[in-house]
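Here are my notes for you, written as numbered points to read with the model open. I hope they help you find your way around.

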Amino acid sequence: MGLLPAAGAALFAPAVFAPALAQARPKVVVIGGGPGGAIAARRMASLCDVTLVEPNPVYRSCFFSNLAIGGFLPFEALAHGYEGVRATGVTLAPLRALGVDPAARTVTLEGGVTLPYDRLVLAPGIAYRDEALPGWSPADEAVIPSAYVTGGDPRAIRDQVLAMPEGGTWCLVAPPDPSRCPPAPYERVSMVAHLLKTHNPSAKILIVDPKPRYASQALFEEGWQAHYTGMIDRLGPDFGADNIEIRPGEMQVIVDGAPEDVDACNVIPPQRAADICVAAGVTDDTGWAPVEATGMASTLQPDIHVVGDAASTGAIPKAASAAASEGEAAAAAILHALDLAPERAALYRSACWSSIAAQDAVAEEGAYAPGPDGRLAAVEHAISQTGEDPRTRRANWDDAFAWYADLTAEVFG
Ligand SMILES: Cc1cc2nc3c(=O)[nH]c(=O)nc-3n(C[C@H](O)[C@H](O)[C@H](O)COP(=O)(O)OP(=O)(O)OC[C@H]3O[C@@H](n4cnc5c(N)ncnc54)[C@H](O)[C@@H]3O)c2cc1C
């Protein structure tokens, strides 16, 4: 059970499509096999020739990776193959997409393969803004793992935390808004605090955060006070944390000119839509891909839909369940535009679970619909409250595990 009624049921009710026309099946290419792209591909496969372009044979979810860092599930549990997606009739192209020609309606893959399309769905997730954090570059990943894009290495974060000297300091550099799953950096802090409390109880955590406020702040602060008293400090912009530099070689974070020596560090850099969105010409000055809210169609390029974290659609957060509902909406809009299905009202849902300690989780859920300005607006919203009964938090914890199992089964089969 979530905080909002019947969230999962409404999101994943199977669509009833009209029979296909007796003509060549339309060609749809989907780039990116995460929750946004894989759902979109599956939903169109019975009526269109769908090719899913995804270079990784196995999807390793960012969502729930914090729990693996904390030791509450094995890292292997984050891996999902594409057999279930293939079984619905989707063709897998196990290559990276390098370019899109919207005028010719073709996608170029590594190796020079070209795929023609009638409709294209871009679901490639996010990229880091390499230039936005002085001193940090993707080449530092081996020393300072970020593990915030799909394909990153959250195991390295756990290994570094466990290797810290007694009483050492672990630092998390949080991203500015907008970013993927806004509460996730603070859930990561919670899971690292859990690890340290067990293995290195005199160690400290320093959060360096350019934002004045962050998602579910009161809930995290209350939980940290209860479970990890005196262990976690946060420097916000009032302490100069909006002016930082990273020195990976020295393992230092420079906050407004003052060096902080740390023993291990997790930098979550500023973010934007992934490279293929830039190549396709669907991003604007914000670095994200603006789309219209009824079917996630790009406002900048015809016949291209953008779903998941790469898209900019109004109030809906960048979250896995949101990405899946956006994939559903794009699939329905494309099938309708191709005359293969009746029109369907767009309703989007999002659920973000944050584990604070063992059997203590909080949640934020929302439902979203197109507003008068053409962007998504919240029509329902629910969030955990401070001071809740431990049984409620335990129920949230169980719900989070059930949510992960349901969502990944729905996406990957
Ligand atoms: C630590 C953490 C915790 C999180 N917790 C939650 C949570 O509790 N709840 C929640 O709902 N969300 C959570 N999220 C957010 C969630 O992971 C993302 O919102 C979700 O993965 C977005 O899905 P997506 O399909 O847009 O992108 P992704 O899942 O990133 O998938 C994109 C896919 O595109 C592929 N790709 C990229 N470029 C190309 C290319 N050029 N060619 C071909 N393929 C390409 C990638 O290989 C990848 O498989 C969390 C995220 C993190 C980092």
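1. Let me start with the surroundings of helix α7. The cover over its buried residues includes α6 (184-199), β13 (232-235), β22 (348-357) and β23 (360-370). Please keep in mind that this is a predicted model.

2. Which residues of α7 are buried? In this helix, spanning residues 217-227, they are L219, F220, G223 and W224. These residues sit on the same side of α7 because the arc they cover around the axis is only 125 degrees. Turn the helix so that you look at the face directed away from the buried side, and you will find the exposed residues Q225 and A226.

3. Now step back to the whole chain. It divides into domain 1 (7-125 + 274-412) and domain 2 (134-266). Their C-alpha centres are 28 Å apart. Across the boundary, 28 residues of domain 1 are in contact with 31 residues of domain 2. On the domain 1 side that touches domain 2, α3 (65-70), β22 and β23 each contribute at least two residues. Which of the elements gives the most to that side? It is α3, with 6 residues. You have met β22 and β23 already, as part of what covers the buried residues of α7.

4. The largest nonpolar core deserves a look of its own. It has 129 residues, and the members that touch the most others are V30, M44, L122 and V306. Helix α9 (residues 320-337) supplies the largest share of this core, 11 residues. Both domains take part: at least three residues come from each of domain 1 and domain 2. As general background, nonpolar side chains in soluble globular proteins tend to be buried together.

5. Two of those well-connected core members are easy to follow further. V306 touches L122, C277, V282, A289, V291, M296, S298 and A311, leaving out residues up to four places away in sequence. V30, for its part, has L52 in β2 as its bridge partner. Strand β1 (residues 27-31) and β2 run parallel and are joined by 5 bridges. Is strand β2 (residues 49-53) largely enclosed or largely open? It is largely enclosed by the rest of the structure, because 4 of its 5 residues are buried.

6. A small sheet is worth a separate view. Its 3 strands form an open sheet in the order β14-β15-β16, with antiparallel pairing. At the edges are β14 (244-247) and β16 (258-261), each of which pairs on one side only. From one strand to the next, the twist averages 25 degrees. Between β14 and β15 (residues 252-255), which run antiparallel, there are 4 bridges. To find this pairing on screen, look for R247, which stands opposite Q252 in β15.

7. Finally, an arginine to click on. R393 lies in helix α10 (residues 390-412). Is R393 buried or exposed? R393 counts as buried, because 20 C-beta neighbours lie inside 10 Å. Leaving aside neighbours within four places in sequence, its contacts are Q359, D360, A361 and E388. A357 is 36 residues away from R393 in sequence, while the C-alpha atoms of the two are 9.8 Å apart in space.

Definitions and conventions: Residues are numbered from 1 along each chain as its sequence is written. This is a predicted model: local features need pLDDT of at least 70, side-chain atom pairs count only at pLDDT 80 or more; totals for chains, interfaces and linings use all residues. A residue is buried if 20 or more other C-beta atoms lie within 10 Å of its own, exposed if 12 or fewer, and partly exposed in between; C-beta atoms are placed from the backbone. The arc is that of the directions from the helix axis to the C-beta atoms. Two residues are in contact if their C-beta atoms, placed from the backbone, lie within 7 Å. Two strands pair if DSSP finds at least two bridges between them. Axes are lines fitted to C-alpha atoms, for helices over the stretch in contact, and angles run from 0 to 180 degrees between N-to-C directions. A nonpolar core is a set of buried Ala, Val, Leu, Ile, Met, Phe, Trp, Tyr and Cys residues joined through C-beta atoms within 7 Å. Domain bounds come from an automatic or database domain assignment.
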